[in-house]
Amino acid sequence: MATEETLVLVKPDGVARGLTGAILARIEAKGYALVDLRLVEPDRGRLEQHYAEHEGKPFYEPLLEFMMSGPSVAIRLAGNRVIEGFRSLAGATDPTTAAPGTIRGDLGRDWGLRVQQNLVHGSDSPESAARELDIWF
Ligand code: RTP
Ligand code: MG
């Protein structure tokens, strides 16, 4: 299989807590290649595109507000099976139950807020990755 690319975001909670370096260290230690990286303060339009699949869900508005609360670090990441591999590294969506050893399991928790603040995003399929990389880069 040809080398894949995925979009990773260190979300505003990760940047605000000073965890960007720790998260990048885990990605690099796993062996994936950083192809491009930028600090982005997304406007609402960019987030509406990114989260189009979640429009209408109860967490949609709080999610967009959270994502506009501060900058995210957008990363174009490459490697064989990197889409699946990064999702495995990130852990389950809910940081309370994400497995220890994962980014969300080790570094995240429930803060009692209206939306899961779970530190990172990773594309979930090759189609999502292509679409999301176009939105952020
Ligand atoms: P991501 O897209 O960020 O990599 O995470 P994911 O696939 O594990 O989660 P997804 O279902 O795509 O949801 C996108 C983001 O919405 C927030 N969320 N909050 N019930 C909730 O409070 C809730 N559910 C989802 C999370 O920030 C999640 O990452
Ligand atoms: Mg998702």
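The paragraphs below lead through this predicted model, from its overall make-up to its core, two of its helices and the surroundings of its ligand.

A useful place to begin is the annotated extent of the chain, for which UniProt, in an unreviewed entry, places the feature "domain: Nucleoside diphosphate kinase-like" at residues 3-137. Over residues 3-137 the chain is 41% helix and 19% strand, and the C-alpha atoms at the two ends of this stretch are 19 Å apart.

Inside the fold, the largest nonpolar core has 22 residues, and those that touch the most other members are Val8, Ile23, Leu77, Phe86, Ile103, Leu119 and Val120. At least two residues of this core come from each of strand E1 (4-10), helix H2 (20-30), strand E3 (72-79), helix H5 (82-90), helix H6 (103-107) and helix H7 (126-136), while the largest share, five residues, is supplied by H5. Val120 shows how such a residue is surrounded: leaving aside its neighbours within four places in sequence, Val120 is in contact with Val8, Leu9, Val10, Lys11, Gly14, Ile23, Ala90 and Ile103.

Helix H5 deserves a closer look. Its buried residues are Val82, Ile83, Phe86, Leu89 and Ala90, and, seen down the axis of H5, they fall within an arc of 130°, so they line one face of the helix. An α-helix has 3.6 residues a turn, so residues three or four places apart point the same way. The elements that cover the buried residues of H5 include E1, H2, E3, H6, strand E4 (120-122) and H7. After H5 the chain continues with Gly91, whose phi is positive, near 90°.

Helix H7 can be read in the same manner, from its buried residues outward. In H7 the residues Ala129, Glu132 and Trp136 are buried, and because their directions, seen down the helix axis, fall within an arc of 75°, they line one face of the helix. This buried set packs against E1, strand E2 (33-40), H3, E3 and H5, whereas Pro126, Glu127 and Asp134, on the other side of H7, are exposed.

Another route through the interior starts from Leu107, which belongs to helix H6. Leu107 counts as buried because it has 20 C-beta neighbours inside 10 Å, and, apart from neighbours within four places in sequence, Leu107 is in contact with Leu19, Ala22 and Leu119. Leu107 and Ala22 are 85 residues apart along the chain, yet their C-alpha atoms are separated by 9.4 Å. Pro58 and Val40 offer another pair to follow, since they are 18 residues apart along the chain while their C-alpha atoms are separated by 25 Å. Pro58 is found in the loop between H3 and H4, and Pro58 counts as exposed because it has 10 other C-beta atoms within 10 Å.

The same loop leads to the ligand. Around ligand 1 stand Phe59, Leu63, Thr93, Val115, Gln116, Asn118, His121, Gly122 and Asp124, a shell that divides into three nonpolar residues, five polar ones and one charged one. Phe59 has its place in the loop between helix H3 (44-50) and helix H4 (60-67), and with 13 C-beta neighbours inside 10 Å this residue counts as partly exposed. Thr93 sits in the loop between H5 and H6, where, because it has 10 C-beta neighbours inside 10 Å, Thr93 counts as exposed. Beyond its neighbours within four places in sequence, Thr93 is in contact with Gln116 and Asn118. UniProt, again in an unreviewed entry, places the feature "binding site" at Lys11, Phe59, Arg87, Thr93, Arg104 and Asn118.

The last residue to visit is His121, which is among the residues around ligand 1 and which UniProt lists for "active site" in an unreviewed entry. His121 lies in strand E4, and, with 24 other C-beta atoms within 10 Å, His121 is buried. Leaving aside neighbours within four places in sequence, His121 is in contact with Val8, Leu9 and Lys11. Of these partners, Val8 takes the reader back to the core, as one of the residues that touch the most other members, and Lys11 is one of the positions at which UniProt places "binding site".

Technical notes
Residues numbered from 1 in each chain as written. Chains lettered and ligands numbered in written order. Predicted model: local features only at pLDDT ≥ 70, side-chain atom pairs only at ≥ 80, totals over all residues. Near = placed C-beta within 6 Å. Nonpolar A, V, L, I, M, F, W, Y, C, P; charged D, E, K, R; others polar. Core = buried A, V, L, I, M, F, W, Y, C linked by C-beta atoms within 7 Å. Buried ≥ 20, exposed ≤ 12 C-beta atoms within 10 Å, placed from the backbone. Helix = DSSP H or I, 4+ residues; strand = E, 2+ residues; numbered from the N terminus. Contact = placed C-beta atoms within 7 Å. UniProt positions renumbered as here; feature names shortened; annotations may be inferred. Arc of directions from axis to C-beta.
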